[in-house]
Each structure stands twice: as structure tokens, then as C-alpha cells.
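Colleague: Please take a close look at the strand pairing in this model. Then follow it into the packing of the side chains.

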Amino acid sequence: MKSNKSWFVFSMAAACALLSPVGARAAGCGQIKPDATDAVAAEPRAHKVILENDTVRVLEATIPMHGKEVPHTHFWPSVFFEQTSAVNEPWKTVNIRWSAGGPAKGYDSSERDRHNLLIELKNVDCQPAPAADLPATDAVKIHDPNISVVLENAYVRVLSVRIPPGGKEPWNTHTWPAVVVYFRLPPSQRLSPDGKKTPRAELKEMEVRFDQNSQPLHSVENLGNVMYQAYRVEIKPTSKVALATPFR
């Protein structure tokens, strides 16, 4: 007969196995593999893939009031954008947080309209690379009050970039690749130190893109009459060494 202590340890291990998604167990660096319980496979009505590569997967998740969502799993942690404005004012206001992922019980009948954007990180089973000093021209190091860090951990740094009408951001650089999120934009132009000006037309709906390269010295000028607002989800470098358990 097992001792009470041994039985407790066995029970806790079994419970953890049931509660943890299979794909989230450490199997090497960058080796988390979703299965049939993945949000996109199990509940495709609510989850739409709008961008995916070897580094990230970006999901748009929508559940109407009183809508049903079946249980599913988010295998990768994510930067979670939650729309807090009314359903008829998409992305006017948002709440940004880190989501650990894991099993989701879904909803028999959602008590409100839900509209979220999940930037899922595929490298969270890899150890972070040693911290490196960023140049003095880094977007945060220039200390512009309109560029702020809204979330940061070992794997991401999320910047909010705001430029008032007629304004121009200070010259700055970006070192890390990033998912860049625009919910809407006034007309603007990108400036280069050599005097080149690259115009950008007004954007009236959400756009999400992956910026895989570092960005040299540049500035953006707001040519419109409303606030320019962008979010840059910067992906910090990782090593090739696996974590014992994924970062949560």
C-alpha cells in the first residue's frame, strides 16, 4: 500500500499532466507542437490566423454576446490585446497584457462581445539570450514621452508609439524584429537621414505585419488631424538551449 505522502505526490503529478497541454511540455528549443485541441483547430469559428511564421502566430479572436465557444488550448503564451471599446467602435481602446496560455474552458453563452488579438510567441521553450546593451538611438533610450513601454518580460518588449497631429517623432532605431500592429492610422510619412520621404496613405482598418529586420535611424511624421498610434511587439533574442518548462 502506498504511503499518504507518495500518493499525494502521484496525485499532484497526475493533475498537472491533465491540466498542462501536451505540446507545452519541454521537448527541446522551439518544439512546442499544437494538437487537435489548439484554438484554431478546435474552435475555428472564433479564431482566425492573420499572420504566422516560425517566430509568431497572430490570432484574431471574436465571440459575440451570447455566443458559444468550445473548450480549447492556447499552446503558446501571447501578448494579448483586448478590445475595451464598444463593438461598433473596433479597437478604439485596448487593454494589453501577457497571457500565459494553456487550457481555456470556452463559453456556453458569452456575457459580452469579445474581440481580442493574440500575438503568440513560439520560442518560449528556449532560454533568453544574454542581455545586450541597445544603442543610444534605441526608441526607448531617446526618452521621447510619446514612446512608452506598455509591457516587457524576458521575451518581448511592447512599445506604444503616439505622434500627435502635425507632430514628428525623434530620430530613433529598432534593433529587434517585431510584430507591428496598427488599428488605424492618419496619413503619414517616414523620414530618412538622407532626406528621403516615404509617404503612407491613411489606414482605416487593422493591419498587422512582421518586421523581421532591424530598423536604421528614421522618424515618422503625422500628416493627419488625429493621433498616430502604433504598437510594436518586439521579439527579444533567445539562445538555442531549451528551458525545462516553457516560460509563463
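Modeller: Two strands pair if DSSP finds at least two bridges between them. Helices (H or I, at least four residues) and strands (E, at least two) are DSSP runs, numbered from the N terminus. The model is predicted: local features need pLDDT of at least 70, and side-chain atom pairs count only at pLDDT 80 or more, while totals for chains, interfaces and linings use all residues. Residues are numbered from 1 along each chain as its sequence is written, and side-chain values use heavy atoms, without hydrogens and water.

Confidence comes next. The mean pLDDT (the predictor's confidence in each residue, from 0 to 100) of the protein chain is 90. Of its residues, 89% reach 70 or more. Residues 1–26 stay under 50. For that stretch the model has 21 contacts (heavy atoms within 4.5 Å) beyond four places in sequence. Where pLDDT is low, the predicted coordinates should not be read in detail.

Now the strands. The protein chain has two helices and 18 strands. One open sheet holds five strands in the order 9-10-17-12-15, paired antiparallel. Strand 9 (147–152) and strand 15 (207–211) are its edges, each pairing on one side only. Neighbouring strands in this sheet are turned by 20° against each other on average, direction ignored. That angle is between axes, lines fitted to C-alpha atoms (for helices over the stretch in contact); angles run from 0 to 180 degrees between N-to-C directions. Take the edge pair: strand 9 and strand 10 run antiparallel and are joined by five bridges. Leu151 stands opposite Val158 in strand 10.

A further open sheet has four strands, ordered 11-16-13-14, again with antiparallel pairing. Its edge strands are strand 11 (172–174) and strand 14 (197–200), each with pairing on one side only. The twist from one strand to the next averages 35°. Strand 11 and strand 16 (residues 215–222) run antiparallel and are joined by two bridges. His174 stands opposite Gln215 in strand 16.

On to the packing. Buried residues (under 20% relative accessible area; exposed is over 50%, partly exposed in between; 1.4 Å probe, protein chains only) make up 43% of the 248 residues in the protein chain. The largest nonpolar core (buried Ala, Val, Leu, Ile, Met, Phe, Trp, Tyr and Cys joined through side-chain atoms within 4.5 Å) has 27 residues. Val79, Phe81, Leu117, Ile119, Val156, Val181 and Val233 touch the most other members. Among the elements that give two or more residues to this core are strand 4 (78–83), strand 10 (156–163), strand 12 (178–182) and strand 17 (228–235). A second, separate core of 13 residues includes Ala139, Ile147, Val161 and Tyr182. Back to Val79: leaving aside neighbours within four places in sequence, its contacts include Ile96, Trp98, Leu117, Ile119, Val156, Val158 and Val233.

Last, the rings. The whole structure has six aromatic pairs. Rings of Phe, Tyr and Trp (its six-membered ring) pair if their centres lie within 6.5 Å; planes under 30 degrees apart count as stacked, over 60 as edge-to-face and the rest as tilted. Phe81 and Phe183 form an edge-to-face pair, 6.0 Å centre to centre with 70° between the planes. Phe81 lies in strand 4 and Phe183 in the loop between strand 12 and strand 13 (188–191), so the pair ties together parts 102 residues apart in sequence. Both Phe81 and Phe183 are buried. Together with Trp91 and Tyr231, Phe81 and Phe183 form one aromatic cluster.
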